[in-house]
Amino acid sequence: MSRLVFVPGAQVEFRGGRALVRSRIADRPDFQTDQPGLIAWLARFAAPVDLDLAAQDLAGPGREIALRAVSYLLDIGVLVEPGASAAAMAPAPAPDRRLSALSVSVYELACDVLGLGPAADTALTERTGIGLDARLAAISGQVESLRQELATMRGPYLSAQLRALGVGPDSRDLQLHVGCGPCHLPGWINLDIHPAPLATNVLWGLPFADGSVRRVFLSHLLEHLFYPNDVQPFLAELQRVLAPGGRIRVVVPDIEQCLRAYAENDDEFFRERRELWPGGDASSTRLEHFLAYAGAGPDPAHIFQAHKFGYDFETLARALARAGFVAIERSGYMQSRDAGLRVDENSEVAGAMHGGRHYSLFVEAIKPETGVAS
Ligand SMILES: C[S@@+](CC[C@H](N)C(=O)[O-])C[C@H]1O[C@@H](n2cnc3c(N)ncnc32)[C@H](O)[C@@H]1O
């Protein structure tokens, strides 16, 4: 290889004495340097450059560092041979990886800003004439404008899917399986993020008329939403679409069981929990295991998938009551007053047991016949 160039669309930022080159390979970190000589040397790859010729300008350890940087930039798919076919170019990271990295950056930025205190604003203003608030406003302005653009796509996106599912504004007696994952119930509208029979974000609200739904099933979804700020409006939305007398069945991890097992030093419980949750750290302490399960995630990168809260019956019942549900009661695995809601066995997780017991909490409630919260 001799001639190299930054791949079209490469995200290369030379700013504030630092170069940041975004990785195009999942799980490979971005490239960063604050060495002015290296930054200036790398900047020339904006146009095709003969590597051997460019390397002649370098000597000693600087040459070694530069060549190592080139080798890494090749690995992460950012430097390519000019004219490389699109297929030969490394694929851009999936958007969720990009967003995970962004979540981490925003969190770390917040920590940096808090660490520096007023010094950050003073130094930025002195250096560039643009203070911290204006810099942050520019970033949030970009995020917001992208969100607004995406928001305009929701309506047509959902309408097309609903049409394909045969659901219209006059549809009634629907059955909603919300946060279905890969478990699709026949005869139900199965909703989740993409890909799903009805791909959506439940935080957008539900695209169904008031009172058009007969039953709702959610299994191991609620703990993935922020409580109460996202959970309460979401439960209120479920209440809105349910018909009076319609029933909701909610299954969540039973955090009370973890708390009891912790307090009672029930090692067997935690041993079985770790086996059931092989993704976790097998040598974690009971507390590490329990807190991770209840929502204390390892870092902001897993913000979407991670648990964000945990429920016992009292807390879940209170949340349901605040959303206007009545007749809130504990249920058991595959035990519903409504035969049509005996569907837990379709979930990948609701049937899991340890210590001879189901570890999920099963709760049901109905929308009052009058439509008025009691
Ligand atoms: C643990 S899985 C449960 C899957 C299935 N219900 C089961 O019991 O096996 C949680 C599901 O909630 C979905 N989910 C989480 N947040 C969501 C959101 N904001 N909108 C739609 N689905 C969401 C996830 O995509 C995932 O499929």
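**Exercise 1. In which loop is the place of M334?**

Solution. In this predicted model, the place of M334 is in the loop between β12 and β13, the latter spanning residues 353-354. The next step is to look at the backbone, where M334 has a positive phi of about 60° although it is not a glycine. Most residues other than glycine have a negative phi. As for its surroundings, M334 has a relative accessible area of 21%, and because buried means under 20%, this residue counts as partly exposed.

**Exercise 2. Find a further residue with a positive phi that is not a glycine, and place it in the chain.**

Solution. The residue to find is N265, whose phi is positive at about 55° although it is not a glycine. Moving from the angle to the location, N265 belongs to the loop between α8 (255-263) and α9 (267-276).

**Exercise 3. Locate the cis peptide bonds that precede P195 and P228.**

Solution. Begin with P195, which a cis peptide bond joins to H194, with omega at about -5°; P195 lies in the loop between β8 (189-192) and β9 (198-199). Continue with P228, which is joined to Y227 by a cis peptide bond with an omega of about 0°, and which sits in the loop between β10 (213-219) and α7 (231-241). As background, most peptide bonds are trans.

**Exercise 4. Describe the surroundings of the ligand, working from the shell as a whole to single contacts.**

Solution. The ligand is surrounded by 18 residues, and the closest are G179, D192, S219, S347 and E348. Sorted by class, this shell has eight nonpolar, eight polar and two charged residues. Turning to single atoms, a backbone N or O atom of G179 lies 2.7 Å from a nitrogen atom of the ligand. Ligand oxygen is approached by side chains: a polar side-chain atom of D192 lies 2.6 Å from an oxygen atom of the ligand, and for S219 a polar side-chain atom is found 2.8 Å from an oxygen atom of the ligand. The last step concerns area, for the ligand taken alone exposes 590 Å², of which the protein buries 87%.

**Exercise 5. Explain why C180 does not form a disulfide with C183.**

Solution. The cysteine sulfur closest to that of C180 belongs to C183, at 7.2 Å, and because a disulfide requires sulfur atoms within 2.5 Å, this distance is too far for a bond. By this rule the count of disulfides comes to zero. Is C180 buried or exposed? With a relative accessible area of 3%, C180 is buried, whereas C111, at 36% relative accessibility, counts as partly exposed.

**Exercise 6. Determine how strand β15 is enclosed and which strands pair with it.**

Solution. Strand β15 covers residues 360-366, and six of its seven residues are buried, so the strand is largely enclosed by the rest of the structure. One partner is β11 (residues 242-253), which pairs with β15 in the antiparallel sense over seven bridges; here R247 stands opposite I366. Another partner is β12 (residues 326-331), which runs antiparallel to β15 and is joined to it by four bridges, with V363 of β15 as the bridge partner of R330.

**Exercise 7. Identify the backbone atom that the side chain of S171 reaches.**

Solution. First place the residue: S171 is in the loop between α6 (132-165) and β7 (174-178). Its relative accessible area of 16% makes S171 buried. Finally, the side chain of S171 reaches the backbone nitrogen of G168 at 2.8 Å.

Conventions:
Residues are numbered from 1 along each chain as its sequence is written. This is a predicted model: local features need pLDDT of at least 70, side-chain atom pairs count only at pLDDT 80 or more; totals for chains, interfaces and linings use all residues. Side-chain values use heavy atoms; hydrogens and water are left out. A residue is near a molecule or strand if one of its heavy atoms lies within 4 Å of it. A polar contact is a pair of N or O atoms within 3.5 Å; within protein, one must be able to donate a hydrogen and the other to accept it, and residues adjacent in sequence count only if both atoms are side-chain atoms. Accessible areas come from the Shrake-Rupley method with a 1.4 Å probe; for residues, only the protein chains shown count as cover. Ala, Val, Leu, Ile, Met, Phe, Trp, Tyr, Cys and Pro count as nonpolar, Asp, Glu, Lys and Arg as charged, and the others, Gly among them, as polar. Buried means under 20% relative accessible area, exposed over 50%, partly exposed in between (1.4 Å probe, protein chains only). Helices (H or I, at least four residues) and strands (E, at least two) are DSSP runs, numbered from the N terminus. Two strands pair if DSSP finds at least two bridges between them.
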